[in-house]
Amino acid sequence: MDVNADVGGKLTALQVMQDSPVIPVIVLTDVTQAVLLARALVAGGIRMLEVTLRTPQALACIEAIVREVPEAVVGAGTVRSAADAQACAMAGARFVVSPGYTHSVGQACRDAGLPLLPGVATGSEIMAAQEDGLTELKFFPAMQAGGPAMLKAWGGPFGDVRFCPTGGVSATNAAEFLALPNVVCVGGSWLTPAEALERGNWAQITALAHQACRLPRKLA
Ligand code: 3PG
């Protein structure tokens, strides 16, 4: 991935998924750390960053990355309500990831002009998201909900849906997911180990990002 390629303007969910083989799932508690981490990931070739709304500092961290690291494309994760979606849009997030799907979160993202990757784990949830026009979905929690075998099974009835499996995905099993025709990218927290963040080991994070970029990038 060319971290300098233009991604200005409105993104589609597919563009978010195709930028690199892995979307890092990030938990942040400090804005300085946020900026340094974003720079480390971009240096390793990964710029689509999912900052989860799991800490009181998450929105400030999104704002700091937007302001200080223009090469990064920051999205918000763990978005569970329309209010969350509105707040992350105000903070400058460019895409939204949610652990499940509700019509109101879908509507809030459409209103904000933000692409949404909603989490699904059942056929009914896929159908609800499809009813609202969404065909790029996050499979969550991927390993716990059936892993690659589940995605193979969904390839029949939901052959028009493309997935980003997240949850229990790691450097060890990412390639198995990416080999599936209905998987565009995977998500995971393994690029940002908590101890590397605590110690400020940015070189380790850049190395993990480089390694992730060597996984197959799916453009189809
Ligand atoms: C999460 O919700 O934390 C993400 O799915 C990441 O899961 P992981 O830590 O298993 O990669």
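Two strands count as paired here if DSSP finds at least two bridges between them, and the strands themselves, like the helices, are DSSP runs numbered from the N terminus, with helices being H or I over at least four residues and strands being E over at least two. With that convention, β5 and β6 are joined by two bridges and run parallel.

Before I go further, please keep in mind that this is a predicted model, in which local features need pLDDT of at least 70 and side-chain atom pairs count only at pLDDT 80 or more, whereas totals for chains, interfaces and linings use all residues. Residues are numbered from 1 along each chain as its sequence is written, and side-chain values use heavy atoms, with hydrogens and water left out.

Let me start with the whole chain. The protein chain holds ten helices and eight strands. A compact globule of 220 residues would have a radius of gyration near 17 Å, and the value for this chain, 16 Å, agrees with that; the radius is taken over C-alpha atoms, and the globule rule is 2.2 Å times the number of residues to the power 0.38. Along the principal axes, the C-alpha atoms fill a box of roughly 45 × 35 × 30 Å. Of the 220 residues, 52% count as buried, where buried means under 20% relative accessible area, exposed means over 50%, and partly exposed lies in between, with a 1.4 Å probe and protein chains only. If we take contacts with a separation of 6 or more, 62% of them come from residues 24 or more positions apart, a contact meaning heavy atoms within 4.5 Å.

Now to the sheet. In what order do the eight strands lie in the open sheet? The order is β7-β6-β5-β4-β3-β2-β1-β8, and the pairing is parallel. Because β7 (162-165) and β8 (186-188) stand at the edges with a single partner strand each, one side of each is left without a neighbour in the sheet. From one strand to the next, the twist averages 30°, an angle that runs from 0 to 180 degrees between N-to-C directions, with axes fitted as lines to C-alpha atoms.

Let me walk through part of that order, beginning at β3. Strand β3 (residues 73-77) is joined to β4 by two parallel bridges, and Ala76 stands opposite Val96 in β4. On the other pairing of β4, three bridges join β4 (residues 95-98) to β5 (residues 116-120), again running parallel, and here the bridge partner of Val96 is Leu116. The side chains of β4 alternate, with Phe95 and Val97 pointing one way and Val96 and Ser98 the other, and all are buried.

In β5 we find Pro118, which counts as buried at 0% relative accessibility. Leaving aside residues up to four places away in sequence, Pro118 touches Ser98, Gly100, Tyr101, Leu134, Glu136, Leu137 and Lys138. Across from β5, Gly119 has Lys138 in β6 as its bridge partner. Both faces of β6 (residues 136-139) are covered, since Glu136 and Lys138 on one side and Leu137 and Phe139 on the other are all buried.

After β6, a cis peptide bond joins Phe140 and Pro141, with omega about -10°, and Pro141 lies in the loop between β6 and α7. Gly147 belongs to helix α7 (residues 147-154) and counts as buried at 2% relative accessibility; beyond residues up to four places away in sequence, Gly147 touches Phe139, Ala142 and Phe177. A further backbone detail is Thr78, which has a positive phi of about 55° although it is not a glycine. Thr78 sits in the loop between β3 and α4 (82-91) and, at 13% relative accessibility, counts as buried.

I will finish with the nonpolar cores, each being a set of buried Ala, Val, Leu, Ile, Met, Phe, Trp, Tyr and Cys residues joined through side-chain atoms within 4.5 Å. Which residues have the most contacts inside the largest core? They are Leu28, Ile65, Phe163 and Val186, in a core of 63 residues. Helix α2 (residues 31-43) gives the most to this core, with seven residues. A second, separate core of 14 residues includes Leu11, Met17, Ile23 and Met48.
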